Amino acid sequence: MEIRISVRNLVEFILRSGSIDNRKKASPDNAMAEGGRIHRMIQRRMGSEYQAEVVMRYVWNTPSYDLIVEGRADGVINGETITIDEIKGTYRDLEKMKGPVDVHLAQAKCYAFMYAADHDCTQMKVRMTYCNMETEELRYFVSTHSRAELEEWFLGILKEYKKWADFSSEWQETRTASIRQLAFPFPYREGQKELATYVYQSIVHKRKLFIEAPTGVGKTLSTVFPAVKALGEGKAERIFYLTAKTITRTVADNTFQLLREKGLRFKTVILTAKEKICFMEETECNPGACPYADGHYDRINDAIYDLLTHEDHYNREMVETYARKYKVCPFEMSLDMSLFSDGIICDYNYVFDPHVYLKRFFSDGVQGQYLFLIDEAHNLVERGREMYSAVLVKEDFLALKKIVKEYDSKMEHQLDKCSRELLPLKRECEGCQVVSSIDSFVLAVERLSETMEKYLEDHDESPVREDVLDFYFEVSHFLEMYDRLDDNYVIYTELEEDDSFLVKLFCVNPSVNLKECMERARSTILFSATLLPIQYYKSLLGGNKEDYEVYAQSTFNPKKKALYIGSDVTSKYTRRSKTEYINIATYLHEITKMRYGNYLIFFPSHSFLQNVYEAYEEYFLDEEKEECIIQEDIMSEEDREQFLGRFEGNRGCELGDMIHMEIEEEQEKSLLGFCVMGGIFSEGIDLKNDSLIGAIIVGTGLPQVCNEREILKSYFDAMGKNGFDYAYRYPGMNKVLQAAGRVIRTAEDVGIVALLDDRFLGGAYQRLFPREWDTYEVVTADQVARRVERFWDEWL
């Protein structure tokens, strides 16, 4: 059996001490791109005797398992005595450094011993190379060590880690044995076994798999089960279940819990955003402000071991319980628990975001045997664009300039310089302008970034620190994205209505960046109920020709869902009027009056929603028979739960609780929820049985025309694609499919879907219909009630 750990994780896990300190933010991972540049610069300057990026591996044999320590040294310098070179970029004053940072030196010494053991060297040198990233000045700290000294030190660290490795070894045996006896927990639905087989074969062949899986296929279980089986056969070491929304994380968590109930021994952690899991009212990670940060590292290993040996399920509540018990940071604890978890359930960010991704797994130059299961993968296109785009606003430079004026004149000057560099671009901009070069502006921003970094390094207690820090992150992100610029980016400037001016690095095609991240895994499985057209998603999500794709057939009885297309209404801008709003309101009345129940009605925008609602209220609303509730522009988590709670009803109320209640008989009422397509209630919610009996979708879901959509259209037109499809039609149709998918959630559900727009009858839209929409009825406002009545008569 093999237990693997990276040099970085080993050193940080064993040697950490002290407290979580806000000063860590002064040299954040946002500077990784700049640090990488420094590494490459130094490595290029070295002579022929210098080997860069040398992968190393050491196997420590025990009676029960082999502990494999692996990593990548920045450099190996050949000479009479071999030297291990470890490079670190910093903004510190190098003259004031008394010696190397302990953790940095420890990492280099690990590599020194590993090299000595592999090449039978009796003596090694260790060189810590610190480079000031502003001046590119270098300072070296060199030490010489005998192999015996390095061996004693290194084996001492391994012995300290052995307690954790022993546990991991025993756990792997337990986990593997449980996986071998694990059976699929239910009788396979039609097509479900084939889907699980596709997933397994994709893992075996190290491919990506794109799955269009309609509701009812059981896609979560059909992907998790074969992934777990692959783990048990040694084809992978860890599963990352990636989602865009909290509710889908819950579905994944429930699936692992179900398998545990069937005998699986499998440790899973749910990673919750720091702002949500933090115990303090304001998230400020320094010992003076947070008692959980003060001395965190002195207590964290005991907390981890306690949780590790007593629980297999590390959800938010469980992590918080143990974090309070040991008085440690719950967010940092959840990240540490991921090192000992077989499954990690988290947001897309933890794999794809260049600043948030889990560096403990993905940044040591060693590819792990990981499996990525990406749920609701259609969301990853826009999320990818967001993560790999960057924007800076001229007025923000001026605002910070006023704030720091009394504290740092150099920063003040450089903020002003950045603002002035944008003036020529602003003069040339007429609303929105695609530009070819912003080199002089970027040079000014780079100099500003260096000054801000140094200020943060030297001024822990500055009253303007938080303002500088927040803007520093924006600047760092912009510079990192600038380093990524290629043909998949468009640079544009925009003059806003309030006269503010911005420059944006717009990642129009995120496929290259997403593909690069997916290469960290052995196999990636991308699935969604709405992944049509699949070639569109495959091209934008980093798929290759050799990657697989499959359409999972719906297992539900198609006759239990009626699909209507309204042929005499539309949401086109050219036809929006009071008359059209009344026509749409007429449809709502004619459809919902045929059966009492819960309905969701989706609109292309809040303003369109409001116009139709006012028409409905004026001409049709009968408060004795129905109630309308409206999705607001901004809703808190509590507001959302209350909104959905109205549809779910009081399911927890037992008959026994009502025996002594005086019950007043109420007339049955319908509930009409007015919502926005693409919003919080159009996907990810699971209203089963009578919680929802109909979805009425007004319009084709086309995104509003805006500068970015037009840039997307032009970009894909130039690529030989249909720009309108890529920028508008495909994203819009996805919203429609998601909204329609709220109705039929189980095999017992019966319901209707109405598409109110004559454009759905055109070939361009019909080609995007899923297979289960092959039967539909074309209706008009004066016909629809009879058609709906006929459907309900058949099923009631």
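# Helices, sheets and salt bridges: a chat

Visitor: Which residues are buried in helix 17?
Guide: The buried residues of helix 17 are F441, V442, A444, V445, L448, S449, E450, T451, M452, E453, Y455 and L456. Keep in mind that this is a predicted model.

Visitor: What covers them?
Guide: The cover over the buried residues of helix 17 includes strand 13, helix 15 (394–404) and helix 16 (409–428). It also includes helix 18 (465–483) and strand 16 (501–507).

Visitor: What span should helix 17 have, and how far apart are its end C-alpha atoms?
Guide: Helix 17 covers residues 439–458, which is 20 residues, so at 1.5 Å a residue it should span 28 Å. The end C-alpha atoms are 29 Å apart, which agrees.

Visitor: You mentioned strand 13. Which sheet is it in?
Guide: Strand 13 belongs to an open sheet of four strands, in the order 13-16-15-14, with antiparallel pairing. Strand 13 (390–393) and strand 14 (432–435) are the edge strands, each pairing on one side only. On average, neighbouring strands of this sheet are turned by 20° against each other, direction ignored.

Visitor: How many bridges join strand 14 to strand 15?
Guide: Four bridges join strand 14 to strand 15 (residues 489–495), and the two run antiparallel. For instance, Q433 has T493 in strand 15 as its bridge partner.

Visitor: Which sheet has parallel pairing?
Guide: An open sheet of seven strands has parallel pairing, in the order 21-22-20-23-24-19-25. Its edge strands are strand 21 (626–630) and strand 25 (777–779), and each pairs on one side only. Neighbouring strands here are turned by 20° against each other on average, direction ignored.

Visitor: What packs on that sheet?
Guide: Helix 22 (residues 606–619) packs on the sheet. Helix 22 touches strand 20 (598–603), strand 21, strand 22 and strand 23, and its direction makes about 150° with that of strand 22.

Visitor: And how many bridges join strand 19 to strand 25?
Guide: Three bridges join strand 19 (residues 561–566) to strand 25, and these strands run parallel. I565 stands opposite V778 in strand 25.

Visitor: New topic. Which residues touch the most other members in the largest nonpolar core?
Guide: Those are F352 and I438, in a core of 185 residues. Helix 4 (residues 147–181) gives the most to this core, with 10 residues.

Visitor: What is F352 in contact with?
Guide: Leaving aside neighbours within four places in sequence, F352 is in contact with L242, I374, L380, M387, Y388, L514, C517 and M518. Apart from the largest core lies another core, of 36 residues, among them Y587, I591, I696 and V750.

Visitor: Why are there cores like that?
Guide: In soluble globular proteins, nonpolar side chains tend to be buried together.

Visitor: What about charged pairs? How many salt bridges does the structure hold?
Guide: The structure holds 41 salt bridges. In one of them, the side chains of E237 and R4 meet, at 2.1 Å from N to O. That pair links distant parts of the chain, 233 residues apart: E237 is in the loop between helix 6 (219–232) and strand 8 (238–243), and R4 is in strand 1 (residues 2–6).

Visitor: Are E237 and R4 buried or partly exposed, and why?
Guide: E237 counts as partly exposed because its relative accessibility is 24%. R4 also counts as partly exposed, at 29%. The cut-off for buried is under 20%.

Visitor: Which residues of a salt bridge are buried, then?
Guide: D347 counts as buried at 12% relative accessibility, and R383 counts as buried at 17%. D347 forms a salt bridge with R383, with the closest N and O atoms 2.5 Å apart. D347 lies in strand 11 (residues 343–347) and R383 in helix 14 (residues 379–387), so the pair ties together parts that are 36 residues apart in sequence.

Visitor: And where do R729 and D725 lie?
Guide: Both lie in helix 25 (residues 723–740), four residues apart, about one turn of the helix. Their side chains meet in a salt bridge of 2.7 Å, N to O. R729 is buried at 14% relative accessibility, and D725 is buried at 11%.

Visitor: Last one. Where is G684, and what does it touch?
Guide: G684 is in the loop between strand 22 (670–676) and strand 23 (694–698). Not counting residues up to four places away in sequence, G684 touches I247 and R742. G684 is buried, with a relative accessible area of 16%.

Note on methods: Residues numbered from 1 in each chain as written. Predicted model: local features only at pLDDT ≥ 70, side-chain atom pairs only at ≥ 80, totals over all residues. Heavy atoms only, no water. Salt bridge = Lys/Arg side-chain N within 4 Å of Asp/Glu carboxyl O. Buried < 20%, exposed > 50% of the residue type's maximum accessible area, 1.4 Å probe, protein only. Core = buried A, V, L, I, M, F, W, Y, C linked by side-chain atoms within 4.5 Å. Contact = heavy atoms within 4.5 Å. Pairing = 2+ DSSP bridges. Axes fitted to C-alpha atoms, helices over the stretch in contact; angles between N-to-C directions. Expected span 1.5 Å × (residues − 1).
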